[in-house]
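Visitor: I'm new to reading protein structures. Could you walk me through this one?

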Amino acid sequence: MIDNETGPVRVAAAGDVPAVRAVTDAAYRHYIERIGVVPQPMEADHAANVAAGKVFVTGEPVIGLVVIEAFADHLFLDSIAVRPDAHGTGVGRRLLRFVDTRARELGLDEIRLYTNAMMWENRKIYPKYGYEVVERRVDGPYDRIHYRKRLADGSD
């Protein structure tokens with residue numbers, strides 16, 4: 001657990017599934033019209049992700065979350081979601097720092113993620129936190145920009 005101004009970032013429990021769904025939907029809903037499809041995080045099996053220990057939340061009630069998965073050579077940041085009424089309060093920044101810390105705790109020196117090319121807000125944010133573009137690739141209906149962040153030097 002990492003403490004922050006909104007309380008600890010903690011692993012989500014089964015009772016958090018409705019909040020995880022609600023925050024994810026609220027965070028991604030406005031992209032449906034722009035990208036022309038439902039964003040993948042909205043279609044995720046939230047209960048399964050929580051049961052697998054992949055979801056970490058912050059706030060009481062939950063105002064932000066990350067969905068992460070560890071692989072042999074990297075930590076994959078599958079989704080980050082912040083309730084729209086909490087945008088600009090530092091919740092997203094604290095969650096990204098949590099992801100860095102979690103990767104280090106797991107002995108991983110790289111974080112990977114992707115975002116839809118039409119989610120230009122994200123494309124401006126990730127480079128500010130040390131993420132670099134690796135490639136752009138179309139996966140089915142999704143035009144994605146893939147990023148990575150290397151943590152080898154211990155900084156973020």
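Visitor: In which helix is the place of His46?

Guide: Keep in mind that this is a predicted model. His46 touches Val17, Val20, Arg21, Thr24 and Pro41, leaving out residues up to four places away in sequence. As for its own place, His46 sits in helix H3.

Visitor: Does His46 count as buried or exposed?

Guide: The cut-off to know is that buried means under 20% relative accessible area. His46 has 6% relative accessibility, so the verdict is buried.

Visitor: Which residues of H1 are buried, and what do they pack against?

Guide: The buried ones are Val17, Val20, Val23, Thr24, Asp25, Ala27 and Tyr28. Their packing partners are helix H2 (31-35), helix H3 (46-51), S2, S3 and S4.

Visitor: How far apart are the end C-alpha atoms of H1?

Guide: Helix H1 covers residues 17-28, which is 12 residues. At 1.5 Å a residue they should span 16 Å, and the model agrees, because the end C-alpha atoms are apart by 16 Å.

Visitor: What is the order of the strands in the open sheet?

Guide: There are 7 strands, and their pairing is mixed. Neighbouring strands of this sheet are turned by 30° against each other on average, direction ignored. Going across, the order is S1-S2-S3-S4-S5-S7-S6.

Visitor: Which strands stand at the edges of the sheet?

Guide: Look for strands with a single partner strand, so that one side is left without a neighbour in the sheet. That fits strand S1 (9-11) and strand S6 (132-139).

Visitor: Which residue in S7 does Asp139 stand opposite?

Guide: S6 runs antiparallel to strand S7 (residues 142-150), and 7 bridges join them. The two strands form a hairpin with 2 residues between them, and Gly140 in the turn has a positive phi of about 60°. Across from Asp139 in S7 you'll find Tyr142.

Visitor: How about S5 and S7: over how many bridges do they pair?

Guide: This pairing is in the antiparallel sense. Within it, Arg112 stands opposite Arg148 in S7. The number of bridges between S5 and S7 is 7.

Visitor: At about what angle to S4 does helix H4 run?

Guide: H4 (residues 91-105) lies across S1, strand S2 (55-58), strand S3 (64-70), strand S4 (75-82), strand S5 (110-116) and S7. Helix H5 (residues 120-128) packs on the sheet as well, touching S4, S5 and S7. For H4 against S4, the angle is about 160°.

Visitor: How many residues does H4 give to the largest nonpolar core?

Guide: The largest nonpolar core has 25 residues, and those with the most contacts inside it are Val66, Ile68, Leu77, Val99, Ile111 and Tyr131. S3, S4, H4, S5 and S7 each give two or more residues to this core. H4 gives the most, and its share is 6 residues.

Visitor: Which residues of H4 are buried?

Guide: An α-helix has 3.6 residues a turn, so residues three or four places apart point the same way. With that in mind, look along H4 for its buried residues: Val91, Arg94, Leu95, Leu96, Phe98, Val99, Asp100 and Ala103.

Visitor: With which residue does Glu69 form a salt bridge?

Guide: Glu69 lies in strand S3 and its partner in the loop between H3 and S2, so the pair ties together parts that are 15 residues apart in sequence. Glu69 counts as partly exposed, at 29% relative accessibility. The closest N and O atoms of the pair are 3.4 Å apart, and the partner is Lys54.

Visitor: How far apart are the closest N and O atoms of Arg148 and Glu132?

Guide: Arg148 lies in strand S7 and Glu132 in strand S6, so this salt bridge ties together parts that are 16 residues apart in sequence. Arg148 is partly exposed, with a relative accessible area of 24%, and Glu132 counts as partly exposed at 36%. Their closest N and O atoms are apart by 2.7 Å.

Visitor: How many salt bridges does the structure hold?

Guide: Another of them joins Glu110 and Arg150, with the closest N and O atoms 3.7 Å apart. That pair links strand S5 and strand S7, 40 residues apart. For the whole structure, the number of salt bridges is 15.

Conventions
Residues numbered from 1 in each chain as written. Predicted model: local features only at pLDDT ≥ 70, side-chain atom pairs only at ≥ 80, totals over all residues. Heavy atoms only, no water. Pairing = 2+ DSSP bridges. Helix = DSSP H or I, 4+ residues; strand = E, 2+ residues; numbered from the N terminus. Axes fitted to C-alpha atoms, helices over the stretch in contact; angles between N-to-C directions. Contact = heavy atoms within 4.5 Å. Expected span 1.5 Å × (residues − 1). Buried < 20%, exposed > 50% of the residue type's maximum accessible area, 1.4 Å probe, protein only. Core = buried A, V, L, I, M, F, W, Y, C linked by side-chain atoms within 4.5 Å. Salt bridge = Lys/Arg side-chain N within 4 Å of Asp/Glu carboxyl O.
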